[in-house]
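This report walks through one protein chain and its ligand for a reader who is meeting such a structure early in their studies. Please look at the sequence and the model first, and then follow the text from a single residue outward to the whole chain.

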Amino acid sequence: MRSGSPSSRDDMGVATCGLLMLALSLAFPGSLPAQSDTKVLYDARCGSCHGVGGAGDGAAAKALKVPLPSFTDSAFAAGRTDEELTASIANGKAPMMPAFGKQLKPEQIKALVAYIRQLRKPSAK
Ligand code: HEC
């Protein structure tokens, strides 16, 4: 949570984020922070391509010339191990999936793998 990382200082962003976190923690006492930290991270870093819900329909998705996987599709999650998902996030995947291994901590990538897994629709068919 408070790791004191020297990340970028964007006053507006920090204030907005702080307010959002406060509102969320008031709304869902006890369920924070791991889950919502990861959601904020996913929405900011991945959602533009993968879509906030993981369906591969983010705003940037149309500009990409390659199809995006749908994290909501049970076949996707079933066909990948955690190690494979971790490797894809850390190392990227040609041609358009960026590598995040240098920007994100291993535990953040681990949390994202878990987050992606729970985007799956329980009985998607
Ligand atoms: C610039 C757009 C873009 C962003 C940003 C992005 N991705 Fe992707 N991602 C892609 C594309 C395109 C693919 C499909 C790659 C392929 O199969 O050719 C992909 C594939 C994946 C896969 C599946 C890899 C596999 O095993 O087939 C995972 C998991 C993934 N992304 C996670 C993430 C996560 C987590 C983030 C945020 C930290 C993220 N992506 C950010 C474009 C993006």
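Valine 52 counts as partly exposed, because it has 15 C-beta neighbours inside 10 Å, and a residue is called buried if 20 or more other C-beta atoms lie within that distance. This is a statement about a predicted model, and the values that follow are computed from that model. Valine 52 lies in the loop between H3 and helix H4, which covers residues 74-78. If residues up to four places away in sequence are not counted, valine 52 touches Asp43 and Gly47.

The neighbouring position in the sequence, glycine 51, is also found in the loop between H3 and H4. Glycine 51 has 21 C-beta neighbours inside 10 Å and therefore counts as buried. Leaving aside its neighbours within four places in sequence, glycine 51 is in contact with Gly56, Asp57, Gly58 and Ala61.

**Positions separated along the chain**

Some pairs of residues can be described both by their separation in sequence and by their distance in space, and the table sets out four such pairs.

| Pair of residues | Separation in sequence | C-alpha to C-alpha distance |
|---|---|---|
| Valine 52 and leucine 119 | 67 residues | 9.5 Å |
| Arginine 117 and glycine 54 | 63 residues | 9.8 Å |
| Arginine 45 and phenylalanine 100 | 55 residues | 9.4 Å |
| Glycine 51 and phenylalanine 71 | 20 residues | 9.4 Å |

Two of the residues in the table are arginines that sit in helices. Arginine 45 is found in helix H2, residues 34-45, and it counts as partly exposed because it has 17 C-beta neighbours inside 10 Å. Arginine 117 has its place in helix H6, and with 15 C-beta neighbours inside 10 Å it likewise counts as partly exposed.

Phenylalanine 71 also has contacts of its own: leaving aside its neighbours within four places in sequence, it is in contact with His50, Gly54, Phe76, Ile116, Leu119 and Arg120.

**The chain as a whole**

The secondary structure of the protein chain comes to 6 helices and 0 strands, and when read along the sequence the chain follows the pattern α-α-α-α-α-α. Of the 125 residues in the protein chain, 10% are buried. Among the contacts between residues at least 6 apart in sequence, 41% join residues that are at least 24 apart.

**Helix H6 and the nonpolar core**

Helix H6 has 13 residues and reaches 19 Å from its first C-alpha to its last, which is close to the 18 Å expected at 1.5 Å a residue. Which residues of H6 are buried? They are Ile109, Leu112 and Ile116. Seen down the axis of H6, these buried residues fall within an arc of 55°, so they line one face of the helix. A general rule helps to explain this arrangement: an α-helix has 3.6 residues a turn, so residues three or four places apart point the same way. On the other side of H6, Glu107 and Gln118 are exposed.

The buried residues Ile109, Leu112 and Ile116 also belong to the largest nonpolar core, which has 8 residues and further includes Tyr42, Cys46, Phe71, Leu85 and Ile89. The elements that give two or more residues to this core are H5 and H6, and the largest share, 3 residues, comes from H6. In soluble globular proteins, nonpolar side chains tend to be buried together.

**The surroundings of the ligand**

How many residues surround the ligand? There are 22 of them, and the closest are Cys46, Cys49, Ser88, Met96 and Met97. The elements that give two or more residues to this shell are helix H3 (47-50), helix H5 (82-91) and helix H6 (106-118). The largest share, 4 residues, comes from H5. Sorted by character, the residues of the shell around the ligand divide into 15 nonpolar, 3 polar and 4 charged. Cys46 thus appears in two places in this account, as one of the closest residues to the ligand and as a member of the largest nonpolar core.

One further local feature concerns the loop between H5 and H6, where proline 95 is found. A cis peptide bond joins alanine 94 and proline 95, and its omega is about 0°.

Conventions:
Residues are numbered from 1 along each chain as its sequence is written. This is a predicted model: local features need pLDDT of at least 70, side-chain atom pairs count only at pLDDT 80 or more; totals for chains, interfaces and linings use all residues. A residue is near a molecule or strand if its C-beta atom, placed from the backbone, lies within 6 Å of it. Ala, Val, Leu, Ile, Met, Phe, Trp, Tyr, Cys and Pro count as nonpolar, Asp, Glu, Lys and Arg as charged, and the others, Gly among them, as polar. A residue is buried if 20 or more other C-beta atoms lie within 10 Å of its own, exposed if 12 or fewer, and partly exposed in between; C-beta atoms are placed from the backbone. Two residues are in contact if their C-beta atoms, placed from the backbone, lie within 7 Å. A nonpolar core is a set of buried Ala, Val, Leu, Ile, Met, Phe, Trp, Tyr and Cys residues joined through C-beta atoms within 7 Å. The expected span of a helix is 1.5 Å times one less than its number of residues. The arc is that of the directions from the helix axis to the C-beta atoms.
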